[in-house]
Amino acid sequence: MTAPSPGPADKKIGGLEFILLMGLVQALQALAVDSMLPALGEMARDLGSRDPNERQLVVGVFLIFSGLGCLVPGALADRFGRRPVLLGCIAAYVVCSTACGLAQNFTQLLVLRAIVGFACAGLTVLPAAIIRDMHEGDRMARMQSTVSMVFMIVPMIAPSVGQAVLLLASWRWIFGFMALIAVALAVWISLRLPETLRREYRQPISLPNIGRSMLEVTTTRSALGYVFGMALIQSAMFGYINSCQQLVGEHFGAGTRFPLIFAGMAMVMATTNFINSRIVVRFGARRVSHTALVVYIATSALQFYMATRPDETLWQFVPMMTLNMCLLGFLGANFSSIALQPFARKAGAASSAQAFIRMVVASWLGALVGQAYDGTARPLAGALLTAGCGCLALILYSERGELFRRRNPPGTTYPIA
């Protein structure tokens, strides 16, 4: 196992505290998306947007530029360490979120959302690199899944937080709330998180190194299918996030119940992350994730059939969509750990490159899925099924046609690449 460099004596962090901290760092990105959802219509009206689907860009632009920014923080973190880069990203999050709350028109808001997405991409990249510094193999998958369980708390409550802010004040205060949470998290990191990157693993910053990392990620067969496969799965989920306020809140008539329904879906998804953290070391990340992918495709096929019927109801759509979201709990953490396993000495750069690919592909395709919204669930259901089948093909490529095998049984020593 790769041991982290010891931190200062006053910055030793326990396992539970580490899980909470990494989960909340990742959750800042979710807060920047999900807390917006109940307010999208009001934002669009106040800032002069007319196209009903244009409101989705408040979410879509943020996700696209988060993906584009993912190449930067990994290289910086491999050179200067994880802590300073992470704190810099949080500082940018605070400043840019405050600026979003002061936007005077819709175009200005979208530009600011692009800036905050790009500047804060490290909140997606760096937790995975920090976890990779400290864990490997199935144990890394277990830690990723446990952290994801904490991360999922925010999507449970964020729409309700946004709705509560709207009841008391303007939508602009949602951005103020985001900034305050980020400040508190920065203080916690400053006081408690040690540096996890070993000094001998530090890499110089250069465009050739970044290019080599991208080339390694896209040519390492064992990782390639998992990176692009997860990008497809995420694209369908981003398509849902982009359009869910219109689809669930308006088309299916959930109205003010929408934040509660969204929270319920996220709560069940968090439960599956917990289950995955309990079983992944015993059965292996590949066996668990491959099984979940097959079930995901079957569920998506049924959901597509239901979406083609003219009388689909809210309570037919919600259980099927919840099941699809639950299966992500057995895919995301496991796919990520498998894809990062070959890159111990370049975990930051590899995490950046992989997050860049996943986020850019997923956010662009997800925006297209959202913009295809036609007042029914058909575009989303088609995207879910297509993404599942495409992901399976890519995993078969990475695994040379053999699913469900376990390459490294418990007790295996992992080589450092």
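Leaving aside neighbours within four places in sequence, Phe-317 is in contact with Tyr-240, Leu-247, Val-248, Phe-252, Gln-303, Glu-312, Ala-377 and Leu-380. The structure shown here is a predicted model, and Phe-317 offers a way into its interior, since this residue is listed among those with the most contacts inside the largest nonpolar core. The points below go from that core to the cavities and pockets, and then to a few individual residues.

**The nonpolar core**

- The largest nonpolar core has 137 residues, and those with the most contacts inside it are Tyr-93, Leu-123, Leu-193, Tyr-240, Phe-317 and Met-321.
- Helix α12, which runs over residues 221-251, gives the largest share of this core, namely 13 residues.
- Tyr-240, which is itself one of the residues with the most contacts inside the core, is also among the contacts of Phe-317.
- As a general background, nonpolar side chains tend to be buried together in soluble globular proteins.

**Cavities**

- A search of the whole structure finds 3 cavities of 30 Å³ or more, and the largest cavity has a volume of about 930 Å³.
- The lining of the largest cavity is made up of 34 residues, of which Phe-151, Met-152, Gln-234, Phe-238 and Met-269 lie nearest its centre.
- When the residues of this lining are divided by type, 20 are nonpolar, 12 are polar and 2 are charged.
- Helix α12 gives the largest share of the lining of the largest cavity, 6 residues, and this helix also provides the largest share of the largest nonpolar core.

**The second largest pocket**

- The second largest pocket holds about 260 Å³ of space, and the elements that give two or more residues to its lining are α1 (15-34), α9 (153-168) and α10 (172-192).
- This pocket is lined by 15 residues, of which Leu-24, Ala-27, Leu-31, Val-154 and Ile-181 lie nearest its centre.
- The lining of the second largest pocket consists of 15 nonpolar residues, with no polar and no charged ones.

**Gly-67 and its surroundings**

- Gly-67 has its place in helix α3, which covers residues 57-68, and at 0% relative accessibility this glycine counts as buried.
- Although Gly-67 and Ala-353 are 286 residues apart in sequence, their C-alpha atoms are 9.8 Å apart in space.
- Not counting residues up to four places away in sequence, Gly-67 touches Phe-356, Met-359 and Val-360.

**Cysteines**

- The count of disulfides comes to 0, and Cys-389 is in no disulfide, the nearest cysteine sulfur being that of Cys-391, 9.9 Å away.
- Why is the sulfur of Cys-391 not bonded to the closest cysteine sulfur? The closest one, in Cys-389, is 9.9 Å from it, which is too far for a bond, because a disulfide needs the two sulfur atoms within 2.5 Å.
- Cys-391 is buried, with a relative accessible area of 0%, whereas Cys-389 is partly exposed, with a relative accessible area of 41%.

**Two residues with a positive phi**

- Most residues other than glycine have a negative phi.
- Arg-400 has a positive phi, near 55 degrees, in a residue other than glycine, and Phe-404 has a positive phi of about 70 degrees although it is not a glycine.
- Arg-400 has its place in the segment after α18 (378-398), and Phe-404 likewise has its place in the segment after α18.
- Arg-400 is exposed, with a relative accessible area of 60%, while Phe-404 is partly exposed, with a relative accessible area of 39%.

Notes: Residues numbered from 1 in each chain as written. Predicted model: local features only at pLDDT ≥ 70, side-chain atom pairs only at ≥ 80, totals over all residues. Heavy atoms only, no water. Core = buried A, V, L, I, M, F, W, Y, C linked by side-chain atoms within 4.5 Å. Buried < 20%, exposed > 50% of the residue type's maximum accessible area, 1.4 Å probe, protein only. Helix = DSSP H or I, 4+ residues; strand = E, 2+ residues; numbered from the N terminus. Contact = heavy atoms within 4.5 Å. 1 Å grid on protein atoms, 1.4 Å probe; cavity = no way out; pocket = protein on both sides within 12 Å on 5 of 7 lines; lining within 4 Å. Points joined across faces, edges and corners; volume = space filled by probe spheres on them. Nonpolar A, V, L, I, M, F, W, Y, C, P; charged D, E, K, R; others polar.
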